[in-house]
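Colleague: Please show me the model, and then we can go through it.

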Number of protein chains: 2
Amino acid sequence: MQCKRSQLFSDHTDNDSDEDFEIDWVVLYDFGDTELHHAIDKYETLIRDIEAFGLETEVRRGHGTALLVLIRVPRNQLGNEVYRSRVKDWLFGIVHSRPLGDSATIVDADTPSEEMRSVFHLVTWTKEQGGAGITANLGQWENVTASFSPHAWIANTELLRKLAAKTVLGVEDLDQIKALFGEKVGFYFAFLQAYSLFLVLPAVLGTLFWIVSTPYSAIFGMTVCLWSIIFVEWWKRREIDLSIRWNVNGVGALKVNRVQYTWEKQEIDPITGEVQKMFPAHKRLLRQVYFIPFAVLASTALGGILVVTFLAEALISDVFGNNLSGFWAVQYLPIILLAVSLPYVTGTLTSIAARLSEHENHRTNDEFELAQVQKAFVLNFITSFLPMILTAYVYVPYGPKLLPHLIPDSWQSHISAKDFRVDAHRLQEEVISLSMAGQVINFGEEFVLPYVKRHLMEAHRRYKDGQEVTTLHQRMHSEYTKALLVDAPQEQSLLARLRAEATAPPYDVQEDTMEMCIQFGYLTMFGVAYPLMPLGFLINNWIELRGDFFKLINECQRPPPIRSDSIGPLVSALEFLTWLGTLSTAALVHMYSGDISQVRLSRLLLTVFLAEQAYLATKLMIHFIFDKIGSEAVRQEEATRRLIRKRYLETFSEELAGTSLPQASHTYLGSRRSAPSTSTQTQQALYPGPEVVEVECVRSEYKSEKGERFWNQRKEVTGTREAGMKLIVALKGVQKSSETSGGNDKRKWI
Amino acid sequence: MQCKRSQLFSDHTDNDSDEDFEIDWVVLYDFGDTELHHAIDKYETLIRDIEAFGLETEVRRGHGTALLVLIRVPRNQLGNEVYRSRVKDWLFGIVHSRPLGDSATIVDADTPSEEMRSVFHLVTWTKEQGGAGITANLGQWENVTASFSPHAWIANTELLRKLAAKTVLGVEDLDQIKALFGEKVGFYFAFLQAYSLFLVLPAVLGTLFWIVSTPYSAIFGMTVCLWSIIFVEWWKRREIDLSIRWNVNGVGALKVNRVQYTWEKQEIDPITGEVQKMFPAHKRLLRQVYFIPFAVLASTALGGILVVTFLAEALISDVFGNNLSGFWAVQYLPIILLAVSLPYVTGTLTSIAARLSEHENHRTNDEFELAQVQKAFVLNFITSFLPMILTAYVYVPYGPKLLPHLIPDSWQSHISAKDFRVDAHRLQEEVISLSMAGQVINFGEEFVLPYVKRHLMEAHRRYKDGQEVTTLHQRMHSEYTKALLVDAPQEQSLLARLRAEATAPPYDVQEDTMEMCIQFGYLTMFGVAYPLMPLGFLINNWIELRGDFFKLINECQRPPPIRSDSIGPLVSALEFLTWLGTLSTAALVHMYSGDISQVRLSRLLLTVFLAEQAYLATKLMIHFIFDKIGSEAVRQEEATRRLIRKRYLETFSEELAGTSLPQASHTYLGSRRSAPSTSTQTQQALYPGPEVVEVECVRSEYKSEKGERFWNQRKEVTGTREAGMKLIVALKGVQKSSETSGGNDKRKWI
């Protein structure tokens, strides 16, 4: 359904040739809060740094007081960077076939994401690491508020159409997502698809149980637990298969240092002679201990709010419910208070978490992300599950005993004894409302709200921009500045899109993964209370997958194509949830399948204890079985590796024997900038056979005339440096004039 | 203390030059139960198969009706096999530096065990795998009752002297053990050493607790549990470090098919083109399901015997104890019955286990061993721990209630009420007697008994041999046969040693590892009952290590130098024992630290449940901390790997650029047959730098004149084939004559 809606960024694009402008990267330079001369200085440094590195630049007006600095990497530099990246992969053991060539070799990227990754490295890596060192929102570059690759529109739309038409994504579809957005995003969609497919079994079973059985069925509970263990163990193996398919197995090994990483001493590796920046592991471990007080703080703060709201709500509805008919609005008071306070508390905790993770001083982004996700999981876990845990294990069983103590004595007289009861069905209601309705609310928050918000902001901005441009036109600008301020007709749609993308939030794949993780937790922990839950989740996920893709291409900045060989640290969270889910399911079945007042604590404990042993044994067995079955992909990978070494050996032997073999070689022909690679191409790269003929790379510097015109036309008149400075002054003038309507001392620039 | 004893095999060796005979392998051909013409036929086939493969043979008389077939691999063939083995290691990714050379390259082995492994492969691998296909006790070769490499006496004695002088074995000592006996044995001694060192902490703490505290101290229990988790996690990492040091990391990947392996179909690998013998994984999995009934059977059979004995003993000592003063011998009845019946039951179960494992049809010996060890662990677990588990969790807490039901009513009148009590200290006594006294008994069974037994057998055999030789001399034999029957003076000590080695049992490293594993289990599960236990184990292990080495070189056949990258499947058993140990310790502390009659089941369950959660959390945290700290060896390994690839890359680049580098090469100089490699040599092999000059291999075919004489003298007179046949007839004649004192129709052979 989403795919038939109008797409914001493509609203403006009527011709399909925007990509021919060959813009590799966009940097948003916002000088709104900066003094004019500072703004100009900083802008000059930015352009100098980029151009000194050999990259081409263009500048255009952005929204408000911002400039869009467009970056293009010369094809030769890019091709060489792609080659270097592949050599690095080989050195770190991620691929096994050696890329042929020397330090000047130029290759074409296999996929857009591979190319974009090289561009990303060239722009953002520090000079030491071999990049221009432009890192958004950090230190010297605090004025650079966004740094991204423009969306590949044609490919995006085509892929969205394809995905919308399919019921189940095949591995080729995942290949294409990965080719456009990188492995990390690819893994998320692979996980979402696999998880949804796995959901079919509990959905069908759950529906059956809902029809023929009562809730809290032991058999259904056991099925869900077994299913969850199998799914997580299967997924761990699936990740390995996919990472082999995508050549990213063990990619964590070559991640570079974070820019924020500080080191205590530099050491020269005695073996490779490389300089290593060291930070003692024990110091980091000590800093990570702060995680414990953080978890306590988070539990206390969030838990406190949730408990208070929960009790207030329970009191009002269960105790006073019948007596409050006059003040019906009162019963919504707790939930409103919660809705107001929770974001503040969560926000504060999240920023504390970020500061803690930063303080832990992780060397790579992967490690930093791990630390962040751990903390985020704690927060999410508390807010998502605590209300249900309270209901299931405290309120329903102990409510009748606890409530009287919580009500002031003066109120007790108002309540008749028979009103005072806690419904044993309350848990089921809570489960339905929190898990099922939660999904709908989530959908609204995730898709509808941002969509509406963005459209409103867009309208406002267009109105304001219109005003400003009019002001600019009215003022005495040189013809040249005017030309800078007004978009050329052929660039209009491109620039409109880039401006929108520049202010859009970057796509956060971890957030979406976390959402699925929490959903999985609902199912394993409380699924037994409501057998229709998996069906609901299945339907939700069918929409979610397409919705997420729509959001990714329409509402978000294109994420940097970061590589990864799994969905990240949340796999451990999934494992944790299977464990907790087993305990919880056992406890719920024990408590709720009969009369709850008859439950004895020792029996309950015994049930949970036995469930835990069953869990450990089952997991071990499933692990064993999966190990015995093994993976075809892993076997092929090993055979390939052996074959490659064998070939090398043969080559060496024959070289030593005096004969010279025609060198096996794999050359990447043609340009496939937006076309995802097919598996045959990957095949060729993997198995360089002598049948692939080496071809001299003949490439035009530009792919299209349009591109050439775009990148060269202004050069004749003036450089990017000067053009930008003129724009800054002009726009600053507008800002000033709309503030004070005076000051034309900067007129000499215009 | 052991090393000052007389050593059997070296009793006969007074000169230190036996190794100069250059015997690589010994095969014992026993024709005792075979008809003469069959015996001769089979012998001919054996020699033909060995000699057809290019190996040299000699034959000597063995004990009784057996021949010692001595095998020598020509140095060139051996050197090439060593090279091929290294290439295979490289192909399978076990080492990262490519061995230079072509199919005819010859290299010297780094260590005796590397050389011996190649000999082992040449002799025992099937013809398909590239060996002579001589597998002892199997199919065609059922008359080959032993197949082993002779001990390297000088090196053994030197090493024993060194180990006896040291308190703690350093990693260089382990290197030397590994160099002589292979990685598998090396890992066992490394484990034993590491475990003993780790024991120092609980030994010291335990002694303190024993002095100042009561048994069942919660703090001591927690310390032991934490210690056990840390030890196992540490050891898993230590294994990786050692396997990197010994270049065996991931060596499981290149293990060849077992001879007993049957396959259902042959497939050609589409990638490497190699023929693969397939047996469906699901079929094997189904067969492995029999493990469950086996475990049930073993538990029932062993458990039944143990329970009956246990109850009988308990009844007699605790109930009738005071009334049986007249029949004091009765109280030993149960233990005697147990001692008689247990070996039979265990033996039967072990043979069932072996047949099951065989039926599971594992492809490699490693997998077969895993299956075997799993089953052996179940048997050992039941026999070792069941009595204590029964005492701790059934007899002491429930004894007073249970016993009256077990005693026939007619007896009850004989017992006064006050006699009838179960002592709460009984567990501690049981723990002391089973774990501590068990170690002493074990020592006796392992070292003293075999030593005495062997010496007695040896004396008997010497007496019998003397008789036979006299008989042989008295009979009409040709001079040549006489020369064959009587050992030449210079060979006497060698042959005496070889005969002894041929009938000695092969060293079983898994058995010794299992013993340590069970000891570890005693400590984690019941250590809290008797804090002096770790001290006792520490002392025991100090002796055990030296005793095991003494046993290995003096009482056992030299084991084939099988490679391995860990102590094997028992690591999982150790992990299992840390888990069970935590639960058990928590339960024991809860039950026994106060008054046992006051214990409530629900509280006990809660304690155990919480202990399990604490265990899981602790393990996760320790895992996390170890991961964060990482391993220096792994880091170096990765750097080395990168460096090697980098060098290749540079070489390739320069080759492509037209210049030719002097080829880096590593050649193994000199012969180090019995001298263990030093770490510098390994270093060189790892980092082939251009500073190592390539040297033409000049090698004499024989290392010593003595060797040349030994292998060539008889050749002038007759071949091994004929000599052996003559010996068979002569010996068979002796057998016959001592049986029937008649029949000289075979005289034509003599």
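Colleague: Through which surface do the copies meet?

Modeller: This is a predicted model, where local features need pLDDT of at least 70, side-chain atom pairs count only at pLDDT 80 or more, and totals for chains, interfaces and linings use all residues. Residues are numbered from 1 along each chain as its sequence is written, chains are lettered from A and ligands numbered from 1 in the order in which they are written, and side-chain values use heavy atoms, with hydrogens and water left out. Of the interface residues of chain A, 98% are also interface residues in chain B, so the copies meet through the same surface.

Colleague: What relation holds between chain A and chain B?

Modeller: Copies are superposed by least squares on the C-alpha atoms of residues with pLDDT of at least 70 in both. A turn of 180° and a shift of 0.1 Å along the axis lay chain A on chain B with an RMSD of 0.0 Å. That is the relation of a two-fold axis.

Colleague: In chain A, which C-alpha is nearest the axis?

Modeller: The C-alpha in question lies 2.2 Å from the axis, and belongs to A:Ser602.  The residue nearest the axis by C-alpha in chain A is thus A:Ser602.

Colleague: Is strand β4 (residues 144-148) of chain B largely enclosed or exposed?

Modeller: Strands (E, at least two residues) are DSSP runs, numbered from the N terminus. Four of the five residues of β4(B) are buried (under 20% relative accessible area, 1.4 Å probe, protein chains only). Therefore the rest of the structure leaves β4(B) largely enclosed.

Definitions and conventions:
Buried means under 20% relative accessible area, exposed over 50%, partly exposed in between (1.4 Å probe, protein chains only). Contact means heavy atoms within 4.5 Å.
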